[in-house]
Structures are given as structure tokens and as C-alpha cells.
Amino acid sequence: MIKSFFSKKRDQEAPPPAVPAGQRVYAIGDIHGRQDLLLKLLTMVDEDDAKRGPADTHLIFLGDLVDRGPDSKGVIDTALSLAKASDKVRFLTGNHEEVMVGAYSGDPSMVRFFCRIGGRETILSYGVPLARYRNMEIDELAELLPDLFPAEHMEFLSTFEDQIVFGDYVFVHAGIRPKVPLAEQSRKDMRWIREDFISYERRHEKFVIHGHTISEDIDSQRNRIGIDTGAYLTDRLTAIGLEGTERWYVQTLPLS
């Protein structure tokens with residue numbers, strides 16, 4: 001009990017996390033096929049960045065670009081164009097990218113799982129008519145996907161990272177395993193973890209910025225901030241901005 005008291009006191013007294021001087025970072029939450037919202041948010045981020053003056057600006061996508069929403073293909077096209085234009089745009093692997101890449105291999109069990117978690121909308125976005133999709137067996141679909149998804153798209157998704165560190169912040173898709181050093185975090189946890197991470201209240205090695213777990217509002221805690229505001233359902237796609245110790249948000253649909 002005494003140890004717990006002093007640990008909490010140290011947490012409260014710790015200086016606020018910061019990114020290195022001269023740098024500005026924007027991180028975008030889970031997009032899930034909402035190309036319309038992504039294009040709108042990118043314009044808003046550009047305007048916000050210009051308004052704040054010169055800086056070494058970086059853009060991070062927290063993963064789950066695909067599935068559920070209507071235009072995953074368009075989102076990947078946009079992301080790929082951004083990556084080709086600048087080495088200051090980086091991408092994290094979400095659990096949905098992991099499953100999409102697995103389905104591309106033609107494994108029927110992975111294709112079935114892919115379709116169950118929102119992959120149907122991704123497949124339709126690549127031009128498969130809904131009537132055809134409905135009439136296809138899983139084995140047929142598994143044979144189709146390697147030809148349907150462009151190799152350039154799949155190679156691009158395969159380059160995504162699992163964690164990105166800027167100063168006192170670490171960016172991951174889902175979260176991290178509490179009490180495990182960042183260098184020893186498992187790929188599975190960084191892409192899939194939920195309750196064990198979300199419910200943990202103590203400080204981590206770095207302050208965590210993440211997506212994956214949908215919240216109605218920005219989920220701002222003393223050891224982490226979650227910015228998956230359910231864009232595919234709510235029309236609210238969220239980005240967090242960081243500079244020095246300052247934080248702010250850019251959203252396609254402001255919170256009421």
C-alpha cells in the first residue's frame with residue numbers, strides 16, 4: 001500500500017511528456033475506409049500546420065486504414081501517395097492491415113476472418129460487384145484476392161511499423177503490454193491488445209498515443225491518449241497534434 005502511494009505520487013509529479021524541440025507531430029486515428037474524411041482531415045491538418053509556423057513536421061497514421069468503411073482502396077491510394085512524397089509520413093500496422101495481408105496470401109480461414117471483421121467493404125472497394133461477392137464461396141474468394149489487390153498496395157502495407165517513438169511519446173496501434181519494456185513488446189500486443197492496456201493507470205516507459213479502441217470522446221488519460229473516435233460510424237476522424245509539451249486536436253466533426 002505504501003509502495004503504491006509513492007508510485008502514484010511520482011506519476012503525478014512527473015514532468016509532462018514532450019517531443020524534441022523544433023519538431024511537430026500529427027497522428028491520425030483509425031480511418032477504416034473513410035477516404036472522404038481522410039481527405040478532409042489532411043486539408044485541416046495542413047491548414048493547422050501552416051497557421052502554427054515553421055517546424056519539422058511529421059505525420060503518423062495509427063493503423064486500421066482499411067475495412068468497414070466504403071473506400072479502403074482510396075485510402076490506401078492516398079496513403080501511398082503521401083509516403084512517396086515525403087519520408088516524414090509514417091504508418092503503423094493495425095490489426096486490420098495484418099488480417100488483410102494474411103487474406104492476400106489466399107488462406108481460406110484468414111479470408112473468412114477478414115470478411116467477418118469488415119473486409120467485405122474493402123473487397124467491394126476494389127470493384128467487385130456486391131451480387132458477385134454474395135455468390136462467392138470462401139475458396140473462390142481466396143483465389144480471387146491475390147489478383148484483386150494490387151501487389152503495390154500489399155507491399156506498401158507490409159512496410160508498416162509496429163511502434164514509433166518521438167521524444168517522450170510512443171505511437172502504437174492498439175497499445176502496449178504494461179510493465180514490459182518497449183524494446184520487448186510483442187507484435188501481437190501492439191496490434192491487438194485492449195483491456196489489459198486500457199485499464200492500466202500507471203505510467204509507461206513512454207506516454208502512449210494509440211487507436212484501436214473506439215471511444216465516443218478523445219480518451220485522454222494520464223499515461224495514454226486514444227484517438228479512435230469511430231470514424232466509419234460517427235463521421236469523426238481525429239488527429240492529435242504535438243509540439244513541445246503542447247497537445248491539441250483536429251477533427252472532421254467537432255465534439256459537442
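Leucine 80 is buried, with a relative accessible area of 11%; buried means under 20% relative accessible area, exposed over 50% and partly exposed in between, using a 1.4 Å probe and protein chains only. The model is predicted, so local features need pLDDT of at least 70 and side-chain atom pairs count only at pLDDT 80 or more, while totals for chains, interfaces and linings use all residues. Residues are numbered from 1 along each chain as its sequence is written, and side-chain values use heavy atoms, with hydrogens and water left out.

**Leucine 80**
- Leucine 80 sits in helix α3; helices are DSSP runs (H or I, at least four residues) numbered from the N terminus.
- Leaving aside neighbours within four places in sequence, leucine 80 is in contact with Glu152, His153 and Phe156, where contact means heavy atoms within 4.5 Å.
- Glutamine 221 is 141 residues from leucine 80 along the chain, and their C-alpha atoms are separated by 32 Å.

**Helices α2 and α3**
- Helix α2 (residues 35-51) packs on helix α3 (residues 72-85) at an angle of about 30°, with the axes 8 Å apart.
- These axes are lines fitted to C-alpha atoms over the stretch in contact, and angles run from 0 to 180 degrees between N-to-C directions.
- α2 and α3 are therefore roughly parallel to each other, a term for angles under 35 degrees (over 145 is roughly antiparallel, 65 to 115 roughly perpendicular and the rest oblique).
- On the α2 side, Gln35, Leu38, Leu39 and Leu42 meet Gly74, Val75, Thr78 and Leu82 of α3.
- By class, this contact has five nonpolar, three polar and no charged residues; Ala, Val, Leu, Ile, Met, Phe, Trp, Tyr, Cys and Pro count as nonpolar, Asp, Glu, Lys and Arg as charged, and the others, Gly among them, as polar.

**Nonpolar cores**
- The largest nonpolar core has 45 residues, and Ile28, Phe61 and Ile123 have the most contacts inside it.
- Such a core is a set of buried Ala, Val, Leu, Ile, Met, Phe, Trp, Tyr and Cys residues joined through side-chain atoms within 4.5 Å.
- Not counting residues up to four places away in sequence, phenylalanine 61 touches Ile28, Ile31, Leu38, Leu42, Leu82, Val89, Arg90, Phe91 and Leu92.
- Apart from the largest core lies another, of 17 residues, among them Val25, Ile60, Leu62 and Phe207.

**Helix α4**
- Helix α4 (residues 95-104) is mostly covered, with seven of its 10 residues buried.
- The buried residues of α4 are Asn95, His96, Glu97, Val99, Met100, Gly102 and Ala103.
- They pack against α3, α5 (108-125), α7 (138-148), α8 (151-157) and α9 (187-192).
- Glycine 106, just after α4, takes a positive phi of about 95°.

Technical notes. Helix = DSSP H or I, 4+ residues; strand = E, 2+ residues; numbered from the N terminus.
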